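Subject: Structure handover

Hello,

Here is the structure I promised you. Please open it and keep it beside this email while you read.

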Amino acid sequence: MSSTEKIRVVIVDDIAETRENIRKLLQFEKDVEVVGAARTGKEGIEVTRQTKPDVVIMDINMPDMDGITATEAIRRTNPFTQIVILSVQGDPNYMRRAMLAGARDFLTKPPTVDELSAAVRRAGIMAHEEREKLASTVQPGGGAAVGGGSAFDGKIIVVYSPKGGVGTTTVAVNLAVALHSSENPVVLVDANLQFGDVAVFLNEQGKNSVVDLAPRVDELDPEVVDSVLLLHKLSGIKVLAAPLRPEYAESVTGEQFAKVLQFLRRMFAYVIVDTSVYLSDVVLSSIDVADLIVLLTTQEIPAIKNARMALEVFNVLNVHRKKVLFVLNRFDKRITITAEKIGESLKQEVVATIPLDERTAIPSVNRGMPFMLEDKTKPLAKVYLSLAETVRQRINQIADLEIETKKGYAGIFSKAGR
Ligand SMILES: Nc1ncnc2c1ncn2[C@@H]1O[C@H](COP(=O)(O)OP(=O)(O)O)[C@@H](O)[C@H]1O
Ligand SMILES: [Mg+2]
């Protein structure tokens with residue numbers, strides 16, 4: 001973005017006259033363009049979502065939603081947009097709240113032309129800088145999600161085991177915690193719609209689930225999606241829980257579920273999906289949009305046999321083998337079936353081995369406290385940290401390969417909808 005580019009402004013105020021006055025004051029500034037106006041906080045959020053302005057001039061007292069609440073929502077969804085608060089008197093209490101909500105500047109009504117243009121220009125420069133920063137840190141892999149002003153080009157990581165009790169949910173939950181940071185936030189999604197237990201693993205319970213999003217998958221916005229997510233306070237990860245009752249599962253189609261995942265990848269750096277053994281439509285659709293699949297096995301013959309079958313299913317679904325991270329869980333060195341042997345036999349290398357550690361794993365489930373939130377020097381925690389690193393590396397390798405593939409042959413990695 002060049003410095004000659006205009007500063008795009010939205011005005012939010014419930015009084016028509018105020019909106020008009022501000023518009024008139026700004027009309028003489030050649031580098032400023034008013035691209036929208038709104039009468040309430042809610043409308044303001046909507047107009048901002050559509051126009052993605054650099055600056056919002058925001059009244060505080062408005063019907064339906066006040067300016068501070070709207071500021072908070074806008075800062076969350078349009079991180080580069082800067083907000084200048086317009087208030088009747090310089091009430092320090094308001095100022096403090098507005099600042100905490102993420103406002104950039106304050107003006108007292110009615111502002112002079114100089115005050116207004118100086119504030120808009122300062123905020124505009126900020127917005128351009130932040131936009132550039134975002135553009136350089138978020139390197140879109142292909143751009144399906146970009147263009148909507150989205151903050152992330154997140155990766156969808158599906159954790160799957162074709163045999164129950166192997167540790168799928170344990171891995172999904174603890175990998176999510178291990179990958180999460182404030183720069184790279186994680187959402188953990190339960191795709192086991194009938195008997196999902198992600199929320200239980202985190203000692204959480206919410207009344208909302210993907211069922212609330214399914215009917216409106218074509219008109220999702222970050223605010224609505226966020227209102228359905230649970231926040232796991234101890235770790236900071238967000239959770240899209242399974243419905244409270246198994247019979248609700250049928251109301252969600254695979255296509256709807258995939259759309260929700262695609263939307264979430266614009267809001268989070270990683271979308272971790274826990275699955276059921278049963279290859280439901282929802283699980284198949286998740287595999288279909290996945291950037292990476294963590295396939296689990298144990299040293300037991302039924303688990304290995306099923307892993308072989310799962311790899312065959314992946315072949316049929318055209319999932320590239322590079323997208324599969326084959327992991328051996330509950331590894332017991334007393335058992336002679338080794339990771340190497342399993343890898344050779346299935347022609348898919350085992351990239352990580354997680355030791356059997358019931359004394360850590362089982363109490364963790366029963367207390368609803370992921371062990372990755374506890375002592376990180378424990379052997380199990382160390383293995384998960386290195387698994388998280390393996391995941392990051394593989395994602396980078398795939399991105400590199402995708403670039404090469406685009407240069408050379410087409411289509412090998414084209415499954416992820418980009
Ligand atoms: N590395 C491990 N060592 C010992 N027990 C484990 C390990 N990983 C998971 N478990 C235990 O295995 C059981 C099943 O795990 P779970 O994650 O529910 O599996 P799934 O989701 O595949 O059915 C749980 O009691 C869990 O604590
Ligand atoms: Mg499970």
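Start with a pair of helices. The crossing of α12 and α13 is right-handed. Helix α12 covers residues 301–316, and helix α13 covers residues 339–346. Their axes come within 10 Å and cross at roughly 40°. Angles under 35 degrees count as roughly parallel, and those from 65 to 115 as roughly perpendicular. The crossing therefore makes α12 oblique to α13.

One caution before you go on: this is a predicted model.

Now look at two more helix pairs.

- Take α10 (residues 254–267) and α11 (residues 281–289). Their axes come within 8 Å, with a crossing angle of roughly 40°. So α10 is oblique to α11. The crossing of α10 past α11 is right-handed.
- Take α2 (residues 41–51) and α3 (residues 67–77). Here the axes come within 9 Å and cross at roughly 20°. That angle is why α2 counts as roughly parallel to α3. This crossing, too, is described as right-handed.

Next comes the ligand. How many residues surround ligand 1? There are 18, and the closest are G165, T168, T170, R330 and D357. By type, the shell divides into eight nonpolar, seven polar and three charged residues.

Which elements each supply at least two residues of this shell? They are α6 (168–179), β12 (324–331), β13 (350–355) and α14 (358–367). Of the contributors, α14 gives the most, with four residues.

Zoom in on the backbone around the ligand. Three contacts are worth finding on your screen:

- V166: a polar backbone atom is 3.2 Å from an oxygen atom of ligand 1.
- G167: a backbone N or O atom lies 3.0 Å from an oxygen atom of ligand 1.
- D357: a polar backbone atom is 2.8 Å from a nitrogen atom of ligand 1.

How much of ligand 1 does the protein cover? On its own, ligand 1 has 560 Å² of accessible area, and the protein covers 84% of that.

Last, check two spots in the backbone. Most residues other than glycine have a negative phi, and most peptide bonds are trans. Each spot below departs from one of those habits.

Where is N318? Look in the loop between α12 and β12. N318 is not a glycine, yet its phi is positive, at about 65°. You have met both neighbours already: α12 crosses α13, and β12 supplies residues to the ligand shell.

The other spot is P110. The peptide bond from K109 to P110 is cis, with omega near -15°. P110 sits in the loop between β5 (105–108) and α5 (113–137).

That is the tour. Work through the helix pairs, then the ligand, then the two loops.

Best wishes

Definitions and conventions
Residues are numbered from 1 along each chain as its sequence is written. Chains are lettered from A and ligands numbered from 1 in the order in which they are written. This is a predicted model: local features need pLDDT of at least 70, side-chain atom pairs count only at pLDDT 80 or more; totals for chains, interfaces and linings use all residues. Side-chain values use heavy atoms; hydrogens and water are left out. A residue is near a molecule or strand if one of its heavy atoms lies within 4 Å of it. A polar contact is a pair of N or O atoms within 3.5 Å; within protein, one must be able to donate a hydrogen and the other to accept it, and residues adjacent in sequence count only if both atoms are side-chain atoms. Accessible areas come from the Shrake-Rupley method with a 1.4 Å probe; for residues, only the protein chains shown count as cover. Ala, Val, Leu, Ile, Met, Phe, Trp, Tyr, Cys and Pro count as nonpolar, Asp, Glu, Lys and Arg as charged, and the others, Gly among them, as polar. Axes are lines fitted to C-alpha atoms, for helices over the stretch in contact, and angles run from 0 to 180 degrees between N-to-C directions. Angles under 35 degrees count as roughly parallel, over 145 as roughly antiparallel, 65 to 115 as roughly perpendicular and the rest as oblique. A crossing is left-handed if the near helix is turned anticlockwise from the far one by less than a right angle, and right-handed if clockwise.
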